[in-house]
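Work through these exercises with the structure open beside you. Try each task before you read its solution.

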Amino acid sequence: MTKPDNKDKIEQGAHALPAAEVQAALAGLPGWELVQEGKAIRRAWRFKTFAQAAQLANLAAWQAEAAGHHPDIDFGWGFARVTYSTHSAGGVTRNDLIMAARLDAAAG
């Protein structure tokens, strides 16, 4: 599997990837981890203010809406967490990895 790129296209009907393949791809996405028994990927950020956390959550939400691929987003004072999983596939797909790469590129 090639490293996910933030310019890759989201594909409908993507299939879940084996955990080993997801782990290998995560090597190119620092800060992201495999969670929920290998069914999702998550990254957490720490911030100094609530507004910064809300900005990251809004960035993830707007990117998701544009791509038609939506994560679970948790945020509060000083933190934000974004979790990607393709529920229809029952696990992590290449789409989730692409969206993680896009969020990283946009968040800086």
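**Exercise 1.** Find the strand order of the open sheet and its type of pairing.

*Solution.* Start with the order of the four strands: 1-2-4-3, with antiparallel pairing. Two strands count as paired if DSSP finds at least two bridges between them. Strands here are DSSP runs (E, at least two residues), and helices are runs too (H or I, at least four residues), numbered from the N terminus. Now look at the edges. Strand 1 and strand 3 (72–76) each have a single partner strand, so one side of each lacks a neighbour in the sheet. Next, the twist: neighbouring strands are turned by 25° against each other on average, direction ignored. Last, take one pair. Strand 2 and strand 4 are joined antiparallel over six bridges. There, Arg 42 has Thr 83 in strand 4 as its bridge partner.

This is a predicted model: local features need pLDDT of at least 70, side-chain atom pairs count only at pLDDT 80 or more, and totals for chains, interfaces and linings use all residues. Residues are numbered from 1 along each chain as its sequence is written, and side-chain values use heavy atoms, with hydrogens and water left out.

**Exercise 2.** Which strands does helix 2 touch, and which does helix 3 lie across?

*Solution.* Helix 2 packs on the sheet and touches strand 2, strand 3 and strand 4. Contact means heavy atoms within 4.5 Å. The direction of helix 2 makes about 170° with that of strand 3. Angles run from 0 to 180 degrees between N-to-C directions, with axes fitted to C-alpha atoms, for helices over the stretch in contact. Helix 3 lies across strand 2 and strand 4, at about 15° to strand 2.

**Exercise 3.** Which residues of helix 1 are buried, and which are exposed on the other side?

*Solution.* Buried means under 20% relative accessible area, exposed over 50%, partly exposed in between (1.4 Å probe, protein chains only). In helix 1 (residues 19–26), Val 22, Ala 25 and Leu 26 are buried. They share one side of helix 1, because their arc around the axis is only 100°. That arc is taken from the directions from the helix axis to the C-beta atoms. On the other side, Ala 20 and Ala 24 are exposed. The buried residues pack against strand 1 (33–35), strand 2 (40–46) and helix 3 (94–107).

**Exercise 4.** How many residues of helix 3 are buried, and what do they pack against?

*Solution.* Count first: 10 of the 14 residues are buried. Among them are Leu 97, Ile 98 and Met 99. The buried residues pack against helix 1, strand 2, helix 2 (50–67) and strand 4 (79–84). Just after helix 3, Gly 108 has a positive phi of about 80°.
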